[in-house]
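User: Please take a close look at one helix of this protein and then place it among the parts around it. I am in my first year, so plain wording would help.

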Amino acid sequence: MKLSVPSLVYAVQNNMAFLALSNLDAAVYQVTYQLKIPCTALCTVLMLNRTLSRLQWISVFMLCGGVTLVQWKPAQATKVMVEQNPLLGFGAIAIAVLCSGFAGVYFEKVLKSSDTSLWVRNIQMYLSGIVVTLVGVYLSDGAEIKEKGFFYGYTYYVWFVIFLASVGGLYTSVVVKYTDNIMKGFSAAAAIVLSTIASVLLFGLQITLTFALGTLLVCVSIYFYGLPRQDTTSIQQGETASKDRVSGV
């Protein structure tokens, strides 16, 4: 029952993300959806009673900006006119951002608060997720599924993408188990940068100035976040002792 909560929240998040993308320009969606990174950091502080240093907060927002720049693409004119509702889009993106932060931190809390195996927790969450999304599928496309079958259109490429997504989900759980959700965001940002570099090598993708600047911000933010915290208490005690000696003299 515990793991059904993030499954339901993730299902809501995915649907809200699609709704937001349908009602916002791609560039606006791209920028606003990256707010899930600082939202995750905020949920970590509130739900897990952790503290982040000022430098770590700066690195979180720097990562947010870096990912935005890496994924930035100039707006292009399109011949297809789609009626959009920006207010609905911003509302959906706000819900998606909150769901992303809450579900990730909640899952981390469940993982680290018991001795249950990581793999068992994954099975529990994915089973409840399958039930939730299966209901949604039949509510939205039940007639087509009855007519053509559930696996209609599942090519080898589709199965391969499903396999990659499954492996990525397991890897994400390992990252959350042994680090935290904020580090998951940093690793995802690094993966975006690496996949873009691979696209340059494999497909001849042109590197833009915004991508180079975004990559720099991502790398610097990862470095800043990983810096060990400075123990200021001992310094303050030393300073107090020295002041006492000076006053005694």
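Analyst: In this predicted model, helix H6 has these buried residues: Leu118, Arg121, Asn122, Met125, Ser128, Gly129, Gly142 and Ile145. Among the elements that cover them are helix H1 (4-23), helix H5 (86-112) and helix H7 (156-178).

H6 runs over residues 118-148. A straight helix of 31 residues would span 45 Å at 1.5 Å a residue, but the end C-alpha atoms of H6 are only 37 Å apart. The helix also has a bend of about 90°, located at Asp141.

Both ends of H6 have a detail to look at. At the start, a side-chain oxygen of Ser117 comes to within 3.2 Å of the backbone nitrogen of Trp119. After the helix comes Gly149, with a positive phi near 95°.

One of the covering helices, H7, contains Ser173. This serine counts as buried because its relative accessibility is 2%, and the cut-off for buried is under 20%. Beyond its neighbours within four places in sequence, Ser173 is in contact with Phe107, Leu111, Leu118 and Asn122. Leu118 and Asn122 also appear in the list of buried residues of H6.

Another covering helix, H5, holds Gly101. Its relative accessible area is 0%, so Gly101 is buried. Leaving out residues within four places in sequence, Gly101 is in contact with Cys39, Thr40 and Cys43. Gly101 and Ile182 are 81 residues apart in sequence, and their C-alpha atoms are 9.6 Å apart in space.

Cys39, Thr40 and Cys43 lead to helix H3, where they are among the buried residues. The others buried there are Ile37, Pro38, Ala41, Thr44 and Leu48. Their cover includes H4, H5 and helix H8 (181-203). H5 is thus named in the cover of H3 and in the cover of H6.

The span of H3 can be set beside that of H6. H3 has 13 residues and reaches 17 Å from its first C-alpha to its last, close to the 18 Å expected at 1.5 Å a residue. For H6, the span is 37 Å where a straight helix would give 45 Å. H3 is followed by Asn49, whose phi is positive, near 55°.

H3 (residues 36-48) packs against helix H4 (residues 54-70) at an angle of about 155°, and their axes are 8 Å apart. H3 is therefore roughly antiparallel to H4, since angles over 145 degrees are counted that way. On the H3 side, the contact is made by Ile37, Pro38, Ala41, Leu42 and Val45. On the H4 side, Trp57, Val60, Phe61, Leu63, Cys64 and Val67 take part.

H4 also contains Ser59, which counts as buried because its relative accessibility is 0%. Not counting residues up to four places away in sequence, Ser59 touches Phe186, Ser221, Phe224 and Tyr225.

Finally, the chain as a whole. The protein chain has ten helices and zero strands. Of its 249 residues, 31% are buried. Among contacts between residues at least 6 apart in sequence, 81% join residues at least 24 apart.

Methods:
Residues numbered from 1 in each chain as written. Predicted model: local features only at pLDDT ≥ 70, side-chain atom pairs only at ≥ 80, totals over all residues. Heavy atoms only, no water. Helix = DSSP H or I, 4+ residues; strand = E, 2+ residues; numbered from the N terminus. Expected span 1.5 Å × (residues − 1). Bend = angle between axes of the 7 residues up to and from the residue. Buried < 20%, exposed > 50% of the residue type's maximum accessible area, 1.4 Å probe, protein only. Contact = heavy atoms within 4.5 Å. Polar contact = N/O pair within 3.5 Å; in protein donor to acceptor, adjacent residues only side chain to side chain. Axes fitted to C-alpha atoms, helices over the stretch in contact; angles between N-to-C directions. Parallel < 35°, antiparallel > 145°, perpendicular 65-115°, else oblique.
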